[in-house]
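Trainee: Got a minute to go through this one with me? I'd like to start with the ligand.
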Amino acid sequence: MAVENLVIIGSGPAGYTAGIYAGRANLSPICIEGYQSGGLLMLTSDVENFPGFPEGMMGPDLMAKFRKQAEKFGTRFISKNATRVDFSSFPLKVYIEDEEIQTKAVIISTGAATKWIGLESESRLLGKGVSSCATCDGAFFKGAKLVIVGGGDSAMEEATFLTRFASQVTVVHRKDHLRASKIMQERAFKNPKISFIWDTEVLEILGQDGVTGAKLKNLKTGAISEIPCEGFFVAIGHEPNTTFLKGQLELDPKGYVILPKRPTTATSRPGVFAAGDVQDTIYRQAITAAALGCQAAIDVERYLETLH
Ligand code: NAP
């Protein structure tokens, strides 16, 4: 079996940028881009802060450009999910179900996935009025009253986006202040269709075959109330996509890949590197993920030279 130079697992800004750099270095990388390629930007509307695009850019269009650029330099794509890895011996092994790929180096760039509140009603009504993606599902809620949970940039961005369709968007947040950046906060505060319920958690999403409301608890007073709504959006952050790595790499308690040799992207296993949201608990921006993808590809180049 041929041993590849590099397998990149994951295909957001980090994975594609790693593909561009490793491709230009003649490493002919394989990128296992997943069934849902492109990462979280595929679920975003306007990206206004990616340098080089002063007019802004739709997330999926930006990712299509990244992918095209990686392909141009010889990155080969597999549109499936990596299901398992074996980093216990050399060559490293990456599996797609039963298919085994042997490789000298791996870059993990599987990113992060939506975090859910964890309510039974949330999973039961998912796709029936409960959503984590305003860009994907907002248009289904023309003229509707909506609730969105969260206090970060995602919640503010999604609340603002949802006002294009909804008659009213209520942000329910567990604190009395937002975590979101000032510009996103101000945009939401100024929007007449957005209102806020502070210091409040959601106990239950109401409805049988569709969402009819939410049961809320004020965390300061303990008061229970109900708010009617036809759609319920969750925007409370993300969790790293690392379940398939357990036991193979050092992960922190939240599942993020640990990089013990910072500022390099080397993980706890020789030949395995990580880039993007899968190892970033602080910045989590498209541009920082892309930068880390570049670093990881350069780290791989140097690592491969040491094997000669
Ligand atoms: P985040 O910044 O981690 O914020 C998550 C929010 O959800 C916080 O307000 C948090 O509350 C709340 N939360 C977490 N778990 C909860 C739970 N179980 N129940 C109720 N509320 C819960 O996540 P994010 O908004 O997805 O943003 C992630 C990163 O992407 C950030 O770095 C952000 O700047 C970036 N981002 C940027 C843009 C942009 O610039 N256009 C857009 C989207 C995201 P607490 O505040 O109480 O912790």
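Mentor: Sure. One term before we begin: helices here are DSSP runs of H or I with at least four residues, numbered from the N terminus. And keep in mind that this is a predicted model.

Trainee: OK, so which helix gives the most to the shell around the ligand?
Mentor: That's H5, residues 153-162, which puts in three residues.

Trainee: And which residues come nearest to the ligand?
Mentor: Asp153, Ser154, Arg174, Lys175 and Arg179, out of 19 around the ligand.

Trainee: What does the shell look like by class?
Mentor: Nine polar, seven charged and three nonpolar residues. Domain 1 (4-113 + 238-307) and domain 2 (116-234) each contribute at least three residues to the shell.

Trainee: Where do side chains meet oxygen atoms of the ligand?
Mentor: Arginine 179 has a polar side-chain atom 2.5 Å from a ligand oxygen. For asparagine 49, an N or O atom of the side chain is 3.2 Å from one, and for glutamine 285 the distance from a polar side-chain atom is 3.5 Å.

Trainee: How much of the ligand does the protein bury?
Mentor: 80% of the 910 Å² that the ligand exposes when taken alone.

Trainee: Switching topic: which residues touch the most other members in the largest nonpolar core?
Mentor: Leu6, Leu62, Phe66, Ile107, Phe273 and Val300, in a core of 32 residues. Elements supplying at least two residues each include strand S1 (3-9), helix H2 (59-72) and strand S8 (99-108).

Trainee: And what supplies the largest share of this core?
Mentor: H7, with nine residues; that helix spans 286-306.

Conventions:
Residues are numbered from 1 along each chain as its sequence is written. This is a predicted model: local features need pLDDT of at least 70, side-chain atom pairs count only at pLDDT 80 or more; totals for chains, interfaces and linings use all residues. Side-chain values use heavy atoms; hydrogens and water are left out. A residue is near a molecule or strand if one of its heavy atoms lies within 4 Å of it. A polar contact is a pair of N or O atoms within 3.5 Å; within protein, one must be able to donate a hydrogen and the other to accept it, and residues adjacent in sequence count only if both atoms are side-chain atoms. Accessible areas come from the Shrake-Rupley method with a 1.4 Å probe; for residues, only the protein chains shown count as cover. Ala, Val, Leu, Ile, Met, Phe, Trp, Tyr, Cys and Pro count as nonpolar, Asp, Glu, Lys and Arg as charged, and the others, Gly among them, as polar. Domain bounds come from an automatic or database domain assignment. A nonpolar core is a set of buried Ala, Val, Leu, Ile, Met, Phe, Trp, Tyr and Cys residues joined through side-chain atoms within 4.5 Å. Buried means under 20% relative accessible area, exposed over 50%, partly exposed in between (1.4 Å probe, protein chains only).
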